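Colleague: I want to check the labels on this model. Walk me through the reasoning behind each one.

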There are 2 protein chains.
Amino acid sequence: MHILITGAAGMIGRKLTTALVQAGQLRGKPIDNMTLVDVVPPVLPDGIAGAALAADLSDPAAAPALIQTRPDVIFHLAAIVSGEAEADFAKGYAVNLYGTLGLCDAIAAETDYCPRFVFTSSIAVFGAPLPDVIPDDQPTLPLTSYGTQKAMGELLVNDLSRRGLMDGVSLRLPTICVRPGKPNAAASGFYSSILREPLVGQEAVLPVPETTRHWFASPRAAVGFLLHAAEIDLKPLGQNRALSLPGVDATVADEIAALEAIAGPKATALIRRAPDATIARIVGGWPQAFDPARARALGFEAEPDMEAILRAHIEDELDGRIPVAED
Amino acid sequence: MHILITGAAGMIGRKLTTALVQAGQLRGKPIDNMTLVDVVPPVLPDGIAGAALAADLSDPAAAPALIQTRPDVIFHLAAIVSGEAEADFAKGYAVNLYGTLGLCDAIAAETDYCPRFVFTSSIAVFGAPLPDVIPDDQPTLPLTSYGTQKAMGELLVNDLSRRGLMDGVSLRLPTICVRPGKPNAAASGFYSSILREPLVGQEAVLPVPETTRHWFASPRAAVGFLLHAAEIDLKPLGQNRALSLPGVDATVADEIAALEAIAGPKATALIRRAPDATIARIVGGWPQAFDPARARALGFEAEPDMEAILRAHIEDELDGRIPVAED
C-alpha cells in the first residue's frame, strides 16, 4: 500500500500521516510506502519507507513526477486557504486549480491505473442565498475564488471517476475547529482562536456578531473523514462524488457557552470584540448548517456538539489540561 | 468597439460575424475592429479593420496575445464538441478547459480592464437524474467531459465577474438545430441531419427512438442570444452569471412531423432507423426541457416550435427552397 499525501506538512496532513502510521494498514493492506509532499518538506515518520518532498504543485513538472510512482491512495490536501486565495488571484488559481488539474492530468496519462483519490473540498462551494439547512442536492454557487477552485476540483473528480481514471471522492470538510497552532490566513480563523487562545490564558479577537452560525468539525473528526473516505466503497455515490459532511451546527454564542462550561468565565473574558466588516461579509455568505444524509448513510461521523469539539482539542493538543483554569 | 470572436471559423462564429457586420454597431458604438480567431484561419469580412488569426487556444501563448489588444467584447465560442471531447480526454481538456482558463488568466492579468465576456456553455452541464422540465436552480451535474469543461468555465466566468475582472455571462445554448453543412463529431448530430439531409433529398440515419425528447434552437436564434447577451445589463443576474436559454421542447417524432408538414412524406421516408446504443446512452442522460425564467425575463427569445426552426433553416440555408419537394 503506497500512499501519497499532498499538503502533508499542513495541520491535517501531519495528523493524517500520524494516524496512518498508527493504523499501519489501509484498505486491508500494510502501508509499506508513503510519499509526503508540501511546499515545505514534510517529515517522514521513523520506520516508514518512502519520501518526503518539497514541491510546488503549481509547477507543471511536479504532478507527473509524483504520479509516475503510481500511489494506490492519494490524499490531495494541498491548498492555498480562502483568505489568501481571495487576496492573490494568481496564486490561488495556481495551487488550488492548476495544482489539482496537474494531478488529474498526470493520473489520466497513466495506463491501467485507477487510484483512490480523496480530495478535500470545502463548504465554501456554497454561497448565499442559502437555506438555513443545506440539503445534499443544493447547487454549488461559490462566492469566493477559493470556493470556485474547490467546486472546479469536484467537477474534475466526478469526470475522472466517471471515466474510470480514478476512484475519487470530494469531501466538503466543515470548518475545522479547534485548529491548533498559530492563526493562518483563512477568513474563518477566529472560529478557532476564540476557543484556542483563551484556553491557554491569551486574548482572542472576535470580528463578527455572536449570532453568526456555522458548521464545524474537529481536526480529529476531519482525519476520521479522510480515513473513512479512503476505505469505503464509493459506488453508492453514483455520478456525484462530492459529499457534504456531518458537523456541529453552532453559533459563535454556542462556542462561547461551551468554552465557559469547560474553562469558566476567566476564559470567556479573554474574548475581545473587534468587528471587521470584510471578515463579516466573507463569512456572512457561508453556509450555516447541513443535512448531509448521503455522507451519514455512508458512515461518516462528526462530534455531537461544540463541547465535544472542545474536549477533543484539550485531549489532543493540551494533554488533557486547561491552562487558563490552572493559573 | 473592438470585438474578439474565438471559434470564429465555426458555424455559429461565421453567422455571428456576418450579423455583427450587418449591424455595424454593438452596445451603441460603431464596430471599428474585429479580431477573429480559430484553429483554421477565419475570413475577415470585406471593409472591416482587424485581424483573422489561426491560433490554438490550448497554446499558453495564444490567449495573452489576443487579450493584450484589449477587446471591448469577447465572444468565446471555441470548443471541441461533445463526442470528440469524450473520445479524446487530453484534447477536450486542452481546448475546452485550458483554452478558457488561458483567456481568463490573460484578462485577469490586464489592469483596469473589464471586457464583456460572452461564453457559450451548454445544456450538457446537466445530467440525469433530471426533472422533465429543468428549473433555473437545477444543480449542474455533467455526465460527459464536455459538460464538465463547460461547467468549469461557468464557475470561472462567475468568479471573474464577481471580482470585477470581466462582465461575463455563460449561455447554455440549446442543441442547435438545424445545423447547416456537414455532420460534425457531436453526439447530437442526428437531431439536425434527420431534417437537413431529407430536405435536399438525401438519406439520414436516426440512431435513437422517436420518443427521445430534447431542447432546440436554430442557428438564427443562437446568434440572437449572443448579440442580446453582449448588449444587456447583466447586473440582474447577481452572482450566478450562467443562463439556461429558451428553446423548443420537441421529441424526434415532433421533428419528423414538422418535416412531413413542410416537405411531405417523400422527405420523411429518407430517415433510416439504425439504433446506436452509445449515442442513445449519451443523449439519454441529456436534458429534455427547461423553464428558463431568468433568461426570458432578460428578453432572450427562441422559436415557438419545430416548424419555425425548420422554416428558419429553409430561409437561411436553402434560399427558401425545399429541394426534395421539387424533384
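Modeller: The model is predicted, and we take the sheet, then the helix, then the two chains.

Colleague: How do you know that S7 and S9 of chain A pair?

Modeller: Pairing takes at least two bridges between two strands. Strand S7 (residues 116–122) and strand S9 (residues 167–173) of chain A have seven bridges. So the pair qualifies. The two strands run parallel, and Phe119(A) stands opposite Ser170(A) in S9(A).

Colleague: What is the strand order of the open sheet in chain A?

Modeller: Seven strands, in the order S5-S4-S1-S6-S7-S9-S13, with parallel pairing.

Colleague: Why do S5 and S13 of chain A stand at the edges?

Modeller: Strand S5 (50–54) and strand S13 (242–244) of chain A each have a single partner strand, so one side of each lacks a neighbour in the sheet. From one strand to the next, the twist averages 15 degrees.

Colleague: What makes you say that helix H5 of chain A packs on the sheet?

Modeller: Contact means heavy atoms within 4.5 Å. Helix H5 (residues 145–162) of chain A touches S7, S9 and S13 of chain A. The direction of H5 makes about 155 degrees with that of S7(A).

Colleague: Why is the relation of the chains called a two-fold axis?

Modeller: A turn of 180 degrees, with a shift of 0.0 Å along the axis, lays chain A on chain B with an RMSD of 0.0 Å. That is the relation of a two-fold axis.

Colleague: Which C-alpha in chain A is nearest the axis?

Modeller: That of Pro139(A), 2.1 Å from the axis. The same surface serves both copies, as 100% of chain A's contact residues recur in chain B.

Key: Residues are numbered from 1 along each chain as its sequence is written. Chains are lettered from A and ligands numbered from 1 in the order in which they are written. This is a predicted model: local features need pLDDT of at least 70, side-chain atom pairs count only at pLDDT 80 or more; totals for chains, interfaces and linings use all residues. Side-chain values use heavy atoms; hydrogens and water are left out. Helices (H or I, at least four residues) and strands (E, at least two) are DSSP runs, numbered from the N terminus. Axes are lines fitted to C-alpha atoms, for helices over the stretch in contact, and angles run from 0 to 180 degrees between N-to-C directions. Copies are superposed by least squares on the C-alpha atoms of residues with pLDDT of at least 70 in both.
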